[in-house]
Amino acid sequence: MLVWFDDLRHVTAHAIVLRVFLSMLSGGLIGLERSFKRRPAGFRTHILVCVGACITTLTSQFLYLNLHYPTDMARIGAQVIAGMGFIGAGTIIVTRKNVVKGLTTAAGLWAAAIIGLCFGGGFYEGGGLATVLLLFAEILLSKVEHKMLHRAPEMRYSITYEKNEALPAMMSFFRLHKIRVDDMEITRRHKAKEEEDSSYVTALFTLRLPPRFKKNALVEPIGAIDGVLSIDEM
Amino acid sequence: MLLTAETLKNLTFDTILLRLLTAMFLGGLVGLERTRKNQPAGFRTFMIVSMGAALTMIFAIFEFNLISEDFARAAIVTGVSIDVARYSAQVINGIGFLAAGMILVTGQQQISGITTASSLMASACMGIAAGAGFYECVLVVLPVVLISISLLPRIEEFIQERSPHMSLYVEFKDMEHLGSLLVFFKEQKTQVYEIDVEEQANNDRTLPSAVFALRLPRKVHHADMIAMVAARSYVMSIREL
């Protein structure tokens, strides 16, 4: 433990100001990064969550240390952890294409609340370290993650075709190049309501490309198959 | 500083950092496999959750330590101490909710995201262990995690790919085409041992659909079966569940 915080472990006026200020700073920094990336929960949200959490542990320490009520100091703060799970779950959205978004924001908001708890309880070292580590993960590792996602061997493609023969042609292409079809979903649509015959089909493929298989080597030959209208990476 | 078993159990600036980093590492490891599979939650999410969980435990231990030092007077007057497990117990609760937000039921009677959700729960629990300085547990869990993320998916794939069983979700143009499809399955020597039919609702928007539990003949690949069924003009939508 760091010595220079030793006078600030009790609930005094100085400590209250410092704790609230530090949780504001910490929440602000975490939120700033989110705002910068234009995520739903930004600057103010994180500050409010962090300061709110800070107040709960501060209050329970006040009840225990200053007013001497026989209470468990961890009780109020513990419920913040559960409650933030709810709020975090609310930031998660499912788009129409069944893609889940907002998870990192949810996790960050949840962690911001715990950091607020630490500052409120006078655990300056823990709160500070966690803030640094969180920012490290959010800022530096997001690039690593992006690269990994880019290189992920599993890819999703949306392919639209109008002739039924195109599908077996695609399947034999996949087999030839040892591309594994992990999942496929096929939907037929009519161009117009009246024309029963003129339908086109959209196939959603989840493909596992073999190592060193270039993505471009997939798009062009598939696009060249007779009857294929379009191919999109998702 | 010499890191002996004794010093590791104490709460100092170094051990706090060590515990948080251990938690992040373990969480990231679990998340790595999810990221590779192009799943929604990247490894950052897992790292952050695991780190947060570890922090709850460290914070509880910190408050407990204060009770025997700075807060000794209050402890004597009130006669109560602190429950060290209380914060971390709520982590299980909170992450349960968070993970529930990731599970989604598609319009095709299928549930997805459970593996990601349970991975998140597992990484939170590992974070709690790391936060408590329970390195023995971490050392045991590490190989288990490594095996389950590297070896088990391959075994699962191997089994699933060779299994003759498959579930198909099919949407028809009209209910009467259900019979034609059953005839087609019979021609293909494919056994249908369960059909779950969803008839068309009153509004015209939804098509009649059915979920078939099939047993394919040998040497017929799952993807081939889908392609063959998709080629029928009355099949409006199809996917494997």
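A salt bridge here is a side-chain nitrogen of Lys or Arg within 4 Å of a carboxyl oxygen of Asp or Glu. By that rule, the structure, which is a predicted model, holds six salt bridges over all chains. Side chains of opposite charge can pair when their charged atoms come close.

A good part of the story sits around A:Glu33. A network of salt bridges links A:Glu33, A:Arg34, A:Lys37, A:Glu138 and B:Arg44, with members from chain A and chain B. Within it, the side chains of A:Glu33 and A:Arg34 meet at 3.0 Å, N to O, and those of A:Lys37 and A:Glu33 at 2.8 Å. A:Glu33 counts as buried because its relative accessible area is 8%, under the 20% cut-off. A:Lys37, at 28% relative accessibility, is partly exposed. A:Arg34 also pairs with A:Glu138, again as a salt bridge, at 3.0 Å from N to O. That pair ties together distant parts of the chain: A:Arg34 belongs to helix α1 (residues 13-36) of chain A and A:Glu138 to helix α5 (residues 124-151) of chain A, 104 residues apart. Both A:Arg34 and A:Glu138 are buried.

Turning to how the chains meet, 75 residues of chain B are in contact with 79 residues of chain A. Putting the two together buries about 6,900 Å², and carbon and sulfur atoms give 68% of that area. On the polar side, the rule finds two salt bridges across the interface of chain B and chain A. A salt bridge between chains also joins the side chains of A:Asp72 and B:Arg86, with N to O at 2.6 Å. Nine residue pairs are in polar contact across the interface, both partners being at pLDDT 80 or more.

As for which parts of chain B do the touching, the elements that give two or more residues are α2 (13-36), α3 (43-68), α4 (72-78), α5 (86-100), β1 (104-106), α8 (152-162), α10 (222-230) and β6 (235-240) of chain B. The biggest giver is α3(B), with 17 residues. Sorted by class, the side of chain B that touches chain A has 43 nonpolar, 17 polar and 15 charged residues.

A:Thr57 gives a close-up of this contact between chains. A:Thr57 is found in helix α2 (residues 43-66) of chain A and counts as buried because its relative accessibility is 0%. Leaving out residues up to four places away in sequence, A:Thr57 touches B:Phe59 and B:Tyr87 from chain B, and within chain A it touches A:Gly77, A:Gly116, A:Leu117, A:Gly120 and A:Gly121.

For a look inside chain B, take B:Ala129, in helix α6 (residues 114-131) of chain B. B:Ala129 is counted as buried because its relative accessibility is 13%. Beyond its neighbours within four places in sequence, B:Ala129 is in contact with B:Phe134 and B:Cys137. B:Ala129 and B:Ala23 are 106 residues apart in sequence, yet their C-alpha atoms are 8.3 Å apart in space.

On the scale of domains, each chain is split in two. Chain A is divided into domain 1 (3-150) and domain 2 (153-233), and the C-alpha centres of these domains lie 45 Å apart. Chain B is divided into domain 1 (5-159) and domain 2 (163-240), with C-alpha centres 43 Å apart.

Terms used: Residues are numbered from 1 along each chain as its sequence is written. Chains are lettered from A and ligands numbered from 1 in the order in which they are written. This is a predicted model: local features need pLDDT of at least 70, side-chain atom pairs count only at pLDDT 80 or more; totals for chains, interfaces and linings use all residues. Side-chain values use heavy atoms; hydrogens and water are left out. Contact means heavy atoms within 4.5 Å. Buried area is the accessible area (1.4 Å probe) that two parts lose on being put together, summed over both. A polar contact is a pair of N or O atoms within 3.5 Å; within protein, one must be able to donate a hydrogen and the other to accept it, and residues adjacent in sequence count only if both atoms are side-chain atoms. Helices (H or I, at least four residues) and strands (E, at least two) are DSSP runs, numbered from the N terminus. Ala, Val, Leu, Ile, Met, Phe, Trp, Tyr, Cys and Pro count as nonpolar, Asp, Glu, Lys and Arg as charged, and the others, Gly among them, as polar. Domain bounds come from an automatic or database domain assignment. Buried means under 20% relative accessible area, exposed over 50%, partly exposed in between (1.4 Å probe, protein chains only).
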